[in-house]
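Colleague: Hey, got a minute to walk me through this one? I'd like to start with a single residue and work outwards.

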2 protein chains.
Amino acid sequence: MDFKEEFNKKTAVVNEALEGFMPSPDAYPPLIHRAMRYSVLGGGKRLRPVLLLAAAEMLGATDRDVMPAACAVELIHTYSLIHDDLPLMDNDDYRRGKLANHKVYGEAVALLAGDALLTLAFLLLTKCRTDRPEDVVRVINEAAAGAGTRGLIGGQVVDTFSVDKEIDTDILEYIHRNKTGSLYRVAVRCGAILAGASEKDLDYLTEYAEYLGLAFQIEDDILDVTGDEKRLGKPVGSDKRNKKATYPALFGLEGSKNKARLAVKKAEEALEPFGSEADFLRLLVEYVINRDF
Amino acid sequence: MDFKEEFNKKTAVVNEALEGFMPSPDAYPPLIHRAMRYSVLGGGKRLRPVLLLAAAEMLGATDRDVMPAACAVELIHTYSLIHDDLPLMDNDDYRRGKLANHKVYGEAVALLAGDALLTLAFLLLTKCRTDRPEDVVRVINEAAAGAGTRGLIGGQVVDTFSVDKEIDTDILEYIHRNKTGSLYRVAVRCGAILAGASEKDLDYLTEYAEYLGLAFQIEDDILDVTGDEKRLGKPVGSDKRNKKATYPALFGLEGSKNKARLAVKKAEEALEPFGSEADFLRLLVEYVINRDF
């Protein structure tokens, strides 16, 4: 398999689907729809939706059936970035190399655009195609749990209130497991559930997603220190400026690299029960660490 | 039927259910859970959940089966109030006679508490009890549509950007139909769908909900002018201070009263196909206008 080609192909279908699912920029009231489109269609690696598609495909589902769920996970990710960037939170002016949503549309519209994307995500989830509506209900339950205070928002709260404080390994791991890890877990699990996965396969894939998320986050922290802006995709040194807790701060650079390697190994081991159908997910682990395109 | 007794009984079961569905104040991270509980459990008329229960009951469903949906609609309402009150929106310090969420917990936590309540609403919707999971999917679809940019958020956007501007009847009606009306519509429709309503009954009840919402909103505008703080449940004169468009401003006090009476009549007419099982909904129209307890 040419991983790079396959990855780009998946990203392209996700981008096309997102464009189709977003309200028209002229639909009334246009301001909110333009603000939503600005952040959603403005780039991004689309890692979460690609992960969802890959998990579903590997178990026999088609892109078309699970695409609303893939896009929903990306909308949840995007809403959290818009709210994160607001002055009352991290006060960031730039995101993905462009002005943050509130710098273009103002804070009130940015707040509502975030709310609207979270709401639209749940609307999209109801549009998954399956003969088993109970699976759609389950997927919505998993997405809401993963995006809530025992997932994404929980990580966000602890992260926000850990700034400037001495934090320990447990708290750092809580933040990463929830703030980054939960949407990886949601993506993989929802793709698998919609494809009719067995509970056993679901367990293996959940473990894979957790270690993949961990590897990604440690690598993110490392790149922020070593200063590889191109591979990081955002300005380096922001963790230190924002006084955020990171792996290198707690474990040093060498210690962090070891932890990343261990997470990669564990992610690969979680896929051992599967055959060549899991090759894309295997190669994705390397991509997340190397980010070489 | 003793309407007052029946209404208070329904409010009490809703309050009890809300308490049960909210995360414990000690669950980690406690700050966000306390902020969520502060706004949800801090009073409110519970009109939307009562409406959902009443529509479901009248068609033969039990409270227990639809309670998660009733509470979900109240959570969506509460999240929108918390975000509305933020300084970057309406900048209100008080809500339901208490300090606004952000005045107690700070703006960052209030933002995230609103996000978390919206997310929890969708989690609750997945917990409705029915033999027809496709009805749960439909209810989630209706809730997401009604809470989105073609419903609640759409009304909010237009309202926010109409302050200080000359607005016409069309825009005023758009704001009220969406900002207030959409959750009334969602409540009645979701209750009815979960009870297995026919499409015909659903149409009648939708019309009822729309006129009920309109009557409520016109009466709210009138009370803000005539200054009956007790019946309004919030400080009077705020529309004028906030330069909001209102019915009295466009149609005068007498004209607004006529419009309210017409909406009441239409709401009652929409219930004509039903028998005595719709009596609670009939009496609810009077309550919304008179608010005498």
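Modeller: Sure. This is a predicted model, and B:Arg46 is a nice place to start: 22 other C-beta atoms lie within 10 Å of it, so B:Arg46 is buried.

Colleague: Where does B:Arg46 lie in chain B?

Modeller: B:Arg46 sits in the loop between H2 and helix H3 (47-58) of chain B. Its backbone is worth a look too: B:Arg46 has a positive phi of about 60°, although it is not a glycine.

Colleague: OK, and what about B:Arg96, what is its phi?

Modeller: B:Arg96 is not a glycine, yet its phi is positive, about 50°. You'll find B:Arg96 in the loop between strand S1 (94-95) and strand S2 (98-99) of chain B.

Colleague: Is B:Arg96 buried or partly exposed?

Modeller: Partly exposed, because B:Arg96 has 15 C-beta neighbours inside 10 Å. The cut-off for buried is 20 or more.

Colleague: Got it. While we're on backbones, which residues does a cis peptide bond join in chain A?

Modeller: A:Tyr28 and A:Pro29, with omega at about -5°. A:Pro29 is in the loop between H1 and H2 of chain A. In chain B, a cis peptide bond joins B:Tyr28 and B:Pro29, and there omega is about -10°.

Colleague: That loop leads into H2. How many of the eleven residues of helix H2 in chain A are buried?

Modeller: Eight of them, so helix H2 (residues 30-40) of chain A is largely enclosed by the rest of the structure. Among the buried ones are A:Leu31, A:His33 and A:Tyr38.

Colleague: What do the buried residues of H2(A) pack against?

Modeller: In chain A they pack against helix H1 (3-21), H4, helix H5 (101-105) and helix H6 (107-125), and H8 of chain B joins in as well.

Colleague: So the two chains touch. How many residues does each chain give to the contact?

Modeller: Chain B gives 38 residues and chain A gives 37. On the side of chain B that touches chain A, the elements giving two or more residues are helix H2 (30-40), helix H6 (107-125), helix H7 (133-147) and helix H8 (152-160) of chain B. H6(B) has the largest share, eleven residues. Sorted by type, the residues on that side are 25 nonpolar, ten polar and three charged.

Colleague: How are the two copies arranged?

Modeller: Turn chain B by 180°, with a shift of 0.0 Å along the axis, and it can be laid on chain A with an RMSD of 0.0 Å. The two copies are thus related as by a two-fold rotation axis. They also meet through the same surface, because 97% of the interface residues of chain B are interface residues in chain A too.

Colleague: Which residue of chain B comes closest to the rotation axis?

Modeller: B:Pro133, whose C-alpha is 2.8 Å from the axis.

Colleague: Switching topic: what is chain A built from?

Modeller: Chain A has 14 helices and two strands. Its radius of gyration is 18 Å, close to the 19 Å that the globule rule gives for 293 residues, so chain A is as compact as a globular protein of that length. Buried residues make up 52% of chain A.

Colleague: You mentioned H4. How far apart are the end C-alpha atoms of H4 in chain A?

Modeller: They are 32 Å apart, which agrees with the 33 Å that the 23 residues of helix H4 (residues 63-85) should span at 1.5 Å a residue. H4(A) is mostly covered, with 19 of its 23 residues buried.

Colleague: And in chain B, is B:Asp85 buried or exposed?

Modeller: B:Asp85, which is in helix H4 of chain B, counts as buried because it has 22 C-beta neighbours inside 10 Å. Beyond four places in sequence, the residues B:Asp85 touches include B:Asp90, B:Arg95 and B:His102. B:Asp65 is in H4 of chain B too, but it is partly exposed, with 14 other C-beta atoms within 10 Å.

Colleague: Last one: which residues touch the most other members of the largest nonpolar core?

Modeller: A:Leu52, A:Ala215, B:Leu52 and B:Ala215, in a core of 201 residues. Leaving aside neighbours within four places in sequence, the contacts of A:Leu52 include A:Val66, A:Val73 and A:Cys190.

Technical notes: Residues numbered from 1 in each chain as written. Chains lettered and ligands numbered in written order. Predicted model: local features only at pLDDT ≥ 70, side-chain atom pairs only at ≥ 80, totals over all residues. Least-squares fit on C-alpha atoms with pLDDT ≥ 70 in both. Contact = placed C-beta atoms within 7 Å. Helix = DSSP H or I, 4+ residues; strand = E, 2+ residues; numbered from the N terminus. Nonpolar A, V, L, I, M, F, W, Y, C, P; charged D, E, K, R; others polar. Expected span 1.5 Å × (residues − 1). Buried ≥ 20, exposed ≤ 12 C-beta atoms within 10 Å, placed from the backbone. Rg over C-alpha atoms; globule rule 2.2 N^0.38 Å. Core = buried A, V, L, I, M, F, W, Y, C linked by C-beta atoms within 7 Å.
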